[in-house]
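Me: I should like to go through the labels attached to this structure one by one, setting each value against the cut-off behind it. Could you show me the structure before we start?

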Number of protein chains: 2
Amino acid sequence: MSLALHSAIDRSHPIYQESDPRKVREMIRRGEWTGSTRGLAMGHTQVNLIIVPRSDAYDMMLLCQRNPRPCPLLEVTDAGDPEPRIMAPGADLRTDLPRYRVFRHGELVDEPTDVLSYWRDDLVGFLVGCSMTFEGALLAAGVPLRKVGALVYRTNIPLRPAGRFRCNMGVSMMAMPVDKAIRAVQVTTRFPGVHGAPIHIGDPAAIGIKDIERPDWGTGTANFQPGDTYLFWPCGVTPVLAGLEARLEFMITHAPATVLVTNMRDEALSIM
Amino acid sequence: MSLALHSAIDRSHPIYQESDPRKVREMIRRGEWTGSTRGLAMGHTQVNLIIVPRSDAYDMMLLCQRNPRPCPLLEVTDAGDPEPRIMAPGADLRTDLPRYRVFRHGELVDEPTDVLSYWRDDLVGFLVGCSMTFEGALLAAGVPLRKVGALVYRTNIPLRPAGRFRCNMGVSMMAMPVDKAIRAVQVTTRFPGVHGAPIHIGDPAAIGIKDIERPDWGTGTANFQPGDTYLFWPCGVTPVLAGLEARLEFMITHAPATVLVTNMRDEALSIM
């Protein structure tokens with residue numbers, strides 16, 4: 001299972017031997033790891049992070065409420081509090097991700113390994129579910145995960161607007177045989193808090209994707225094989241896109257592939 | 001099915017012949033019906049309504065985000081906009097419920113049949129899921145609905161606090177044989193947007209209910225029969241309780257048993 005998920009990763013670093021998410025976060029906090037979080041503390045839920053000022057937090061929460069498929073909100077921190085007390089008590093949102101991106105007016109201004117110097121008393125953290133959470137359940141159900149890397153596309157599916165936010169849905173993609181696709185629908189339906197079932201199966205053009213070989217974000221390969229079909233899941237990059245398109249005065253996000261490792265077990269997010 | 005659900009209701013009023021939720025709301029808007037919404041436009045989702053000023057709406061949304069079992073938020077309107085554009089386009093939150101309750105500083109000050117005179121440009125409507133939505137699915141699955149009326153209890157289960165809101169969970173109760181209780185868990189799991197599975201089965205005292213014969217809100221009877229067990233679902237009255245306990249400066253809610261009839265089909269809220 002680990003091999004299938006992480007075949008392209010050099011697992012010689014001691015962080016891969018650490019199964020406790022608290023220890024993993026401590027190593028990241030100490031600066032011992034600035035790479036991808038994929039494969040760390042396996043079985044514990046990893047979440048996308050978006051941090052915005054309290055003045056934009058209402059609209060962001062409204063966006064997530066109105067668009068729960070791409071923006072499944074797992075936790076919202078109190079303004080100024082860097083601790084995600086529900087999903088990762090003891091964690092510090094300012095230091096416990098390997099890398100961050102800092103945006104001003106929609107422009108990337110920094111990609112630091114902590115955001116201590118950027119922290120403000122009015123910042124609110126949004127923890128958004130990630131489809132990595134159901135990958136273990138898919139593997140356990142015999143669904144092959146052929147994808148290496150991340151493949152995320154912009155679609156023509158509009159979000160329900162909320163305040164200053166309006167944009168189209170981002171989706172992640174996997175390829176698999178049709179019978180496995182049916183199984184994947186069943187398995188992922190159990191995980192509504194991390195995007196749930198696919199939003200589309202089949203023709204990429206039907207949701208506005210012009211060239212499946214050229215994702216809008218991410219790099220990697222789907223390892224598409226003869227007889228495979230494409231599955232598309234709503235993607236947690238969507239609220240980040242919404243923040244960028246709104247040119248928020250200030251926003252911090254995780255850097256690609258380096259998200260927050262929480263204390264929550266993946267299976268705790270299955271509703272059955 | 002109708003008989004089981006509505007045996008205590010005089011169904012001679014023409015509103016019971018109306019299957020279109022838009023027409024039902026028009027009759028209510030014209031003042032032709034001020035009674036319970038139970039049994040109206042059968043098969044269409046009815047939702048709890050809480051209206052608070054924008055200044056309290058952030059904390060209310062946060063409360064719902066942190067406590068989705070008792071507070072499943074189905075829609076949040078834009079401030080000042082009385083139309084729930086997602087679940088009931090064309091509806092008017094100020095006129096389309098049979099009766100309302102108006103609270104100031106936690107005290108009931110009025111129970112009008114519309115709230116036009118109370119409306120303000122800063123008011124935000126919260127539409128909260130109601131367990132009535134899965135009753136049709138329970139009946140279809142052979143689960144007997146013996147309860148008549150509403151039976152809601154205060155528990156000792158604390159909510160996750162949010163801003164100025166902190167209170168315990170309210171629950172609704174049904175009684176049924178144990179084999180049907182198992183089926184009820186399965187069926188209601190499909191409906192996470194309207195409270196989902198029960199939060200407790202069995203001994204009322206285990207969740208702090210001292211006297212099952214004396215609900216804290218509502219009147220009716222469980223029609224408990226020998227061999228039955230009690231099932232408790234998180235209840236949408238909970239965010240109302242939170243608003244009352246916080247003694248919000250201003251809050252409007254539906255009056256008991258008179259909620260909003262939306263255009264959405266109950267089955268649309270099943271995730272499978």
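**Labels and their cut-offs**

Me: Why is A:Arg247 called partly exposed?

Reply: A:Arg247 has a relative accessible area of 45%, and the term covers what lies between buried (under 20% relative accessible area) and exposed (over 50%), computed with a 1.4 Å probe on protein chains only, so the label is partly exposed. The residue is found in the loop between helix H6 (238–245) and strand E12 (251–254) of chain A, where helices (H or I, at least four residues) and strands (E, at least two) are DSSP runs numbered from the N terminus. Its phi is near 50°, a positive value in a residue other than glycine.

Me: What conventions stand behind such values?

Reply: This is a predicted model, in which local features need pLDDT of at least 70 and side-chain atom pairs count only at pLDDT 80 or more, whereas totals for chains, interfaces and linings use all residues. Residues are numbered from 1 along each chain as its sequence is written, chains are lettered from A and ligands numbered from 1 in the order in which they are written, and side-chain values use heavy atoms, with hydrogens and water left out.

Me: What makes up chain A in terms of helices and strands, and how do you know that chain A is as compact as a globular protein of its length?

Reply: Chain A holds 6 helices and 13 strands. Its radius of gyration is 18 Å, close to the 19 Å that the globule rule gives for 272 residues, so the chain is as compact as a globular protein of that length; the radius is taken over C-alpha atoms, and the rule is 2.2 Å times the number of residues to the power 0.38. The C-alpha trace spans about 55 × 45 × 35 Å along its principal axes, and buried residues make up 57% of the 272 residues. Among the contacts (heavy atoms within 4.5 Å) with a separation of 6 or more in chain A, 78% are accounted for by residues 24 or more positions apart.

Me: What makes the link between A:Arg25 and A:Asp96 a salt bridge?

Reply: The closest N and O atoms of A:Arg25 and A:Asp96 are 3.9 Å apart, and a salt bridge is a side-chain nitrogen of Lys or Arg within 4 Å of a carboxyl oxygen of Asp or Glu, so the pair qualifies. A:Arg25 lies in helix H2 (residues 21–29) and A:Asp96 in the loop between strand E2 (73–76) and strand E3 (100–104) of chain A, so the pair ties together parts that are 71 residues apart in sequence. A:Arg25 is buried at a relative accessible area of 2%, and A:Asp96 is buried at 0%. The two also belong, with A:Arg29, to a network of salt bridges.

Me: How do you know that B:Asp122 and B:Arg120 meet in a salt bridge, and are the two residues buried or exposed?

Reply: Their N to O distance is 3.0 Å, so it falls within the cut-off for a salt bridge. Neither extreme applies to them: B:Asp122 counts as partly exposed at 28% relative accessibility, as does B:Arg120 at 26%. B:Glu83 and B:Arg85 form another bridge, at 3.5 Å from N to O, with B:Glu83 partly exposed at 22%. Over all chains the structure holds 36 salt bridges.

Me: Why is helix H6 of chain B called largely enclosed?

Reply: Of the 8 residues of this helix (residues 238–245), 6 are buried, so the helix is largely enclosed by the rest of the structure. The buried ones are B:Thr238, B:Pro239, B:Val240, B:Leu241, B:Ala242 and B:Gly243. Their cover includes strand E1 (44–53), helix H3 (54–66), strand E5 (123–128), strand E8 (168–177) and strand E12 (251–254) of chain B. Just after the helix, B:Arg247 takes a positive phi of about 50°.

Me: Why is B:His195 called buried?

Reply: B:His195 has 2% relative accessibility, so it falls under the limit for buried residues. It lies in the loop between helix H5 (178–189) and strand E9 (200–201) of chain B, and its phi is positive, about 90°, although it is not a glycine.
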